[in-house]
Amino acid sequence: MATNSYTGVKNSVAEHAHDGEFGCSLKELRSVMELRGTEALQKILDSYGDVNELCNRLKSSPINGLGGHPPDIDKRKLVFGQNLIPPKKPKTFLQLVWEALQDVTLIILEVAAIVSLGLSFYQPPESEGAHCGTGAGGVEDEGESEAGWIEGAAILLSVVCVVLVTAFNDWSKEKQFRGLQSRIEQEQKFTVVRNGQVVPVPVAEIVVGDVAQIKYGDLLPADGILIQGNDLKIDESSLTGESDHVRKTLEKDPMLLSGTHVMEGSGKMLVTAVGVNSQTGIIFTLLGAGEDDEDEEKEEKKKAKERKKEKKKKKQDGSVDNKKKAKAQDGAAMEMQPLNTDEAGDLEEKRKANLPKKEKSVLQGKLTKLAVQIGKAGLVMSAITVIILVVLFIVDTFWVQGLPWEQTCTPVYIQFFVKFFIIGVTVLVVAVPEGLPLAVTISLAYSVKKMMKDNNLVRHLDACETMGNATAICSDKTGTLTMNRMTVVQVYIADTHYRRVPEAELIPSTTMDLLLLGISVNCAYTTKIMPTEKEGGLPRQVGNKTECALLGFLRDMKKEYQAVRNEIPEEKLYKVYTFNSVRKSMSTVLKNADGSFRMFSKGASEILLKKCYKILTASGEPKVFRPRDRDDMVKKVIEPMASEGLRTICLAYRDFPAKDGEPDWENESDILTSLTCVCVVGIEDPVRPEVPDAIKKCQRAGITVRMVTGDNINTARAIATKCGILLPGDDFLCLEGKEFNRRIRNEKGEIEQERIDRIWPKLRVLARSSPTDKHTLVKGIIDSTITEQRQVVAVTGDGTNDGPALKKADVGFAMGIAGTDVAKEASDIILTDDNFSSIVKAVMWGRNVYDSISKFLQFQLTVNVVAVIVAFTGACITQDSPLKAVQMLWVNLIMDTFASLALATEPPTESLLLRKPYGRNKPLISRTMMKNILGHGVYQLTIIFTLLFAGEKIFDIDSGRNAPLHAPPSEHYTIVFNTFVMMQLFNEINARKIHGERNVFDGIFNNMIFCTIVFGTFVIQIVIVQFGGKPFSCVGLTVDQWLWCVFLGFGCLLWGQVISTIPTSHLKFLKTAGHGTQKEEIPDEELEDMEDLDEIDHAERELRRGQILWFRGLNRIQTQMDVVSAFQSSTSLQGPLRRQPSSGSQQHDIRVVNAFRNSLSPYEGLEKPESRTSIHNFMTHPEFRIEDSEPHIPLIDDTDAEDEGPTKRNTTPTPPPPPSPSSNQNNNAVDSGIHLFIDGSKTATPCIPLSPMHSLETSL
């Protein structure tokens, strides 16, 4: 609240100064806007008389608006505030640096480096150095021994580098994102009336006193009071949470609030509050003020968590039955008790839990999982390295040399241990792919930036990558596939069908007058035709394009609509029924001087013609229009027009005589009947020239394009054929909304998934569809299980009513030009040119992101594997890692930061569209990539080990192995290091292709970043080797040694060609890695624990699994002990073990199981049967399909809290998991072990492998 009251104070100072100029103060206006409905009306009447008086006080006019003079506008901004909500402060660079420092591996390195620094300054007395063992002695000379600090300092320096690079990346990402946000905000314009002219102004320029025009689909930019409205309905759910649309009228509720959506109708409002003083602004200010109280909130959160834990304990104390009772009572108690803080907190938590979790994107999920797996492997390797080094050193010093441990030697020994520790940590640093998140970020940020140029404005980063997986696109017709520039090309008027727009003289004057008046007043007054901007261009169409076509039709007949509008301004319209998706028509009522009314209607021809009972003839007189005539007209006029792809619109009118009194305008069904048809027009909206080609590309890329439109089915079919969605001779479905609904609903009118599954694979065109149909179709395709991969659906939409479908789809595209604010809010990507071919570009970029990450992974994992193995074996054999800590960090920098930059910025090529989409479950590392990783790994290891153990002979130099503690760097090890880096550089070029292509140089010069980085790395490497000296443990090399290094590196490219000749299909042992985690695999308990998190973090889950497995191990031992003792009481073990379990023994088992429930209470709620499938996706192995015909027995270690009887367990029998936490299936050893275990059980006993006795048998 602090900030809020402060802004009030700030503004009130300004108020007194200007109070005389405006007839009401900011405070008064704010208090008015806080009221609703009749209260608000009363307050306006009491304070101001009416809205017009309020306009006068604000020095504005309901008709002409503000004068628009800059001094006046500035003064209003000063007194009433600007229409801006100040953004949250971005993180400073230092904060980002601090965040980057939180990385665990970096912290370990820092500690190690500092310890190493401290110890290097300790000099043991000279005489005693000799008897601390051979490892410690033999220091070359004074200068060298004093340089011991360099290693520690160099490690610190490289840590600083890594931190700065990470922080800078985060900072630039944030900056880019803010730039994007501000660009989205700047593009938002809103129409206001200034000086009698309707002008669009940026939202930030709107001031109090402006008269704004509001229409269907707008997101209101400020608070205001309605001056004049036509059938206005507002969705206020964003503020009030009420989903019903609120009717706004001058008589009942004229209050309009910022941040709400106009769902129907149009009107004008007087702006009364902007920016932080508007209702949305006040909420934002409260949120902003919340930042000051963040610490308090954290405390609160802690308390809430403790409360939750206590609750859980309480819950766990009760037995299962009590639990259910308690839950029921809890619910009841909650309703009765007043909300104390505890309960309120719980309610809050419940509400949070009901919100859908924001799942990390598919790619992030796969990556995090992979990174954690690699990290675990690295941790194990580094631990083993340290242990082996320490053991070897101790054995060598105290056993082989038989030296006693001397007090004076302690620091020397510690120095050794620190050195070993540092080696271990560097192995870990190299193994942990911290470049992965970086690569993703860079790749996405780069793509988003470039996609802006391709007319895709990405609002949610992960939408970009999801788009690469898209398998279906549901597209609108108007404006996306067509040009959205409509013109009337045919007309049926006065009993004649004209194939071209006729001359006005050919039409009876009475009919012509009706036509002119009807079109002029019954089109929104915001729709206009403006003069061309450039010479020889077409006139500009502003507003609704169908209405523009009708106004253009008047112009073509040399009639002027503006004169009629000047005569009948919008205020004089008696009643307006605006267009919506239910009515599919629009009507305007005029009151005549004699008290009679005349209503003009326009709408979809087949709908309006059903309501016509007369039609105007060639003489201009109405004649009766019977159903038979209507059928004739549909056959002879409407169908021929529609089959040419024209949209048909019927124009009609109706008179209400004065003697009948005023009709009941609310009863629409009585009003909109017995019309007189004036004419039917055919409006052409030509297909965009580039669309057919784009659709062909989509189909080739394995993406199905479906057209969902509100148009008539013949028009839709004609356009779909022109676009290439329908091909002649195909047996695809074209359905109308009604027919679609009839087919997917059962007798009770409920939608059934299997009915949708029968339709959607063949459906290509859905015509006359309502927004709910669109949503149903999208949901049906996404939820469908008939294909082996889940469908990924993209949807385009422009209308307010497309919101739900855009939200439901995996990727929602909103139209930047024709789209309403509501649609843009709901979308993930905004098409700035409304063009379908931009969607194809988005698909290309999406696939490119995926490929870039895979390229990076292929490169990274090769380096990882080689570096870890070299460091590990080198350390074990020579007691010192051939690659020093600082060198490892440099390699790490190359492969993480630089490589992610180089490989993540590859531009997309058309060839990406030649393959089918990757599924959601496709592993990141395909078998081909695995082949490349292992193949190159073998080559690099061979070379390095040859150099390591035979290098001194080959190059005729001194051996660098077994050097003492502070020995100077050797030529030998420098060559090893240099060759290693050269191989990485050339392998980076290999990594550019991941699908086994031959030509790795293809298009290399299109990516200048790549060339620069490879070249730059090479130059830096020369500098490091020649001048790096002691800190980098390098010695300058001769030219021919350099040539050898480069040649061995170049060998990578040649070897790459050898690898790509071996067909992947022959290498059966290769596995894939990096599968995504399916949402369904996450057990409910884990989801419960994640309530507080904004997104599901897969790394957290992986780490948590380790703990669960520990617990499970303990559980199992305890349970089996208990089972043994329980069974000792039963007469014979062998009996129940060997025979098929009868129902009696089954019950006995269940009793046993229940008996042990209590003993397991500490671990309760740790796992469910489902969680087991997720930890080891064993169900993919056919051997584990256990036939349902066998009677199942519940597992013993099923410690799930909710006991739903044996039924649930019987449905998902799962094998007991092996004690291996890794969830990849590359563990051949583990796998084969399990197969033996299961198969053995099948042959040994007829009993089910999963019975508790079986687990007992194995444990005994």
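Strand β21, spanning residues 704-708, is a good place to start in this predicted model. Most of β21 is covered, with four of its five residues buried.

What sits alongside it? β21 pairs with strand β9, residues 472-475, in the parallel sense, and four bridges link the two. It also pairs with strand β23, residues 763-767, again in the parallel sense, this time over two bridges. If you want one residue to anchor your view, try Met707. Met707 in β21 is the bridge partner of Ser475, and Met707 also has a bridge partner in β23, namely Val765. As a general point while you trace these strands, side chains in a regular strand alternate between the two faces of the sheet.

Now head for the surface. Lys175, Lys449, Lys450 and Lys453 form a positive patch there. Which helix supplies the largest share of the positive patch? That would be α17, residues 435-453, which contributes three residues. Lys450 is found in helix α17, and its relative accessibility is 30%, so Lys450 counts as partly exposed; the cut-off for exposed is over 50%.

For a contrast in setting, look at a loop. Phe121 lies between α7 (104-120) and α8 (142-146). Is Phe121 buried or exposed? Its relative accessible area is 58%, so Phe121 is exposed, since exposed means over 50%. While you're there, find Trp149: Phe121 and Trp149 are 28 residues apart along the chain, and their C-alpha atoms are separated by 7.1 Å.

Technical notes: Residues numbered from 1 in each chain as written. Predicted model: local features only at pLDDT ≥ 70, side-chain atom pairs only at ≥ 80, totals over all residues. Heavy atoms only, no water. Buried < 20%, exposed > 50% of the residue type's maximum accessible area, 1.4 Å probe, protein only. Pairing = 2+ DSSP bridges. Patch = residues over 30% accessible without salt bridge, like charges linked within 9 Å, V, L, I, M, F, W, Y side chains within 5 Å. Areas by Shrake-Rupley, 256 points an atom, 1.4 Å probe, with all protein chains shown as cover. Salt bridge = Lys/Arg side-chain N within 4 Å of Asp/Glu carboxyl O. Lys, Arg positive; Asp, Glu negative; His and termini not counted. Charge placed at Lys NZ, Arg CZ, Asp CG, Glu CD.
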